[in-house]
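This report goes through a few local features of one structure for a reader who has not met it before. It starts from a single residue and moves on to helix packing, backbone geometry and empty space.

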Amino acid sequence: MRERMRTTAVAAVAVALSTALAAPAVAAGPGGGRTGDTDGHRATARAVKAAVEGGVPGVTLRAEDRRGVWTTTAGVGNLRTERPRSPHDRYRVGSITKTFVATVLLQLEAEGRLSLDDTVDSWLPGLVTGNGHDGTRITLRQLLNHTSGIFNYTADEDFGRTYFLKDGFLQHRYDTLSPEELVGVAMSHKPDFAPGAGWNYSNTNYVLAGMVIEKATGRPYGEEIRRRVITPLHLTGTSVPGTRTGVPGPSSRAYGKLTEDGSGPVHDVTRLNPSMASSAGEMISDSQDLNRFYRALLTGRLLPRKQLEKMTDTVAVDDRNGYGLGLMSTELSCGVTVWGHGGGIHGSTSDAVTTRDGRHSVAFNFNGDWTGDPGAVIEAEYCGD
């Protein structure tokens, strides 16, 4: 189970796009990449090719393991010009943003500036209230591991029609939405359950987490991510766009169908105002940066041991998946457990995972949002030939 920002009113983003195009072209990765050599990654190459044959417009992927760096691309980055995807593409990473947000909150806890046991109301008084929501009973930990019970604002039907379906999206794609507005959408519904009484993925949790970072530091959450994560790790392809509507180059176009059932024509949805995702899913990155980030995180470069242990203390989602604090664990069919996050936003489906020791990482992107199976690519990379 890999939760993402919803790109239809009723279903979480799954994947990608139309027209089967070229087979994957294996490219050299910078810093020791292997040109044309699929040794150890043959199954991954087949899975990437299968995604494109199944309708994804294009895929870019980077894997790093004991043999070095391996990159592959398949399909196209532009359906009009048929320009291929690049191993260096930047792309919207959707809910992968959540790991960055959780990392900053845990750094603030390590500095004694807040506690995960603090209530939401102690930081954002009077904001989480109405229809049974009560911020005095919800802790910051419950925001980060999705046990708060707070309604997911992207599941609101009016919000879905306005920002995810064709007529609404084309009219409102450049709207600026404040975090308070997003939380207000959630507060118009009843909670999913009492705080701590269950688990349900809610983007509202991370909008609130971003607001707590700003309250605790006096600076926007994006600035704290830049200061604390992006700059120290030299993540040159990673940004927090705020209201910027484009994706910096090098990048590909992003495509969606803007329907509930994934039918109909393809639309170019590259340009949008990502404030609709806020700190739940607005960031942009590339595969090299995502691998570097998750490797640094899991090996203790970003958090003290105590906070990393809290982050990796998971709530069971199902028999193979657990959710920690902005970090998912998945036990694959061959017994390997990987840690990371998936993310989807209009026209973009991404995944980035690594082993607990950080020695084997993979990050990739589909530039579409209605077809394809990211899980099959991860399975192939860790459990294939």
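## A buried leucine and its surroundings

Leu-302 has a relative accessible area of 11%, which is under 20%, so this residue counts as buried. The model is a predicted one. Leu-302 sits in the loop between α10 and α11, the latter covering residues 305-311.

Which residues does Leu-302 touch, leaving aside those up to four places away in sequence? They are Thr-103, Gln-107, Arg-228, Val-229, Leu-233, Phe-293, Ala-296 and Leu-297. One of them, Val-229, is 73 residues from Leu-302 in sequence, while the two C-alpha atoms are 7.5 Å apart in space.

## Packing of α2 and α10

Two packed helices are described by the angle between their axes and the distance between the axes. Helix α2 spans residues 97-110 and helix α10 spans residues 287-298; the two pack at an angle of about 35°, and their axes lie 12 Å apart. Their crossing is left-handed. On the α2 side the contact is made by Thr-99, Phe-100 and Thr-103, and on the α10 side by Leu-290, Phe-293, Tyr-294 and Leu-297. By class, these residues divide into 5 nonpolar and 2 polar, with no charged residue in the contact.

Some of these names have already appeared: Thr-103, Phe-293 and Leu-297 are among the residues that Leu-302 touches.

## Backbone geometry in the loops

Most residues other than glycine have a negative phi, and most peptide bonds are trans. Three places in the loops are of interest here.

Glu-82 has a phi near 60°, a positive value in a residue that is not glycine. Glu-82 belongs to the loop between β3 (68-75) and β4 (90-92). His-146 also has a positive phi, of about 60°, and is not a glycine either. The loop that holds His-146 runs between α4 (140-144) and α5 (157-163).

Are these two residues buried or exposed? Glu-82 counts as exposed because its relative accessibility is 54%, over the 50% mark. His-146 counts as buried because its relative accessibility is 0%, under the 20% mark.

The third place concerns a peptide bond. Gly-249 and Pro-250 are joined by a cis peptide bond, with omega about -5°. Pro-250 is in the loop between α9 (221-230) and β7 (255-256).

## Pocket and cavity

Rolling a probe the size of a water molecule over the atoms shows where empty space is left. The largest pocket holds about 290 Å³ of space. It is lined by 20 residues, and those closest to its centre are Pro-179, Tyr-221, Gly-242, Ser-278 and Glu-282. Two elements, α8 (203-217) and α9, each give two or more residues to this lining.

How many cavities of 30 Å³ or more does a search of the whole structure find? The search finds 1. The largest cavity has a volume of about 100 Å³. Of its 14 lining residues, Tyr-91, Arg-92, Ser-252, Ala-254 and Ser-348 are the closest to its centre. Strand β4 supplies the largest share of this lining, with 3 residues.

The table sets out the classes of lining residues.

| Lining | Nonpolar | Polar | Charged |
|---|---|---|---|
| Largest pocket | 7 residues | 9 residues | 4 residues |
| Largest cavity | 3 residues | 7 residues | 4 residues |

Definitions and conventions:
Residues numbered from 1 in each chain as written. Predicted model: local features only at pLDDT ≥ 70, side-chain atom pairs only at ≥ 80, totals over all residues. Heavy atoms only, no water. Axes fitted to C-alpha atoms, helices over the stretch in contact; angles between N-to-C directions. Helix = DSSP H or I, 4+ residues; strand = E, 2+ residues; numbered from the N terminus. Left-handed = near helix turned anticlockwise from the far one by under 90°. Contact = heavy atoms within 4.5 Å. Nonpolar A, V, L, I, M, F, W, Y, C, P; charged D, E, K, R; others polar. Buried < 20%, exposed > 50% of the residue type's maximum accessible area, 1.4 Å probe, protein only. 1 Å grid on protein atoms, 1.4 Å probe; cavity = no way out; pocket = protein on both sides within 12 Å on 5 of 7 lines; lining within 4 Å. Points joined across faces, edges and corners; volume = space filled by probe spheres on them.
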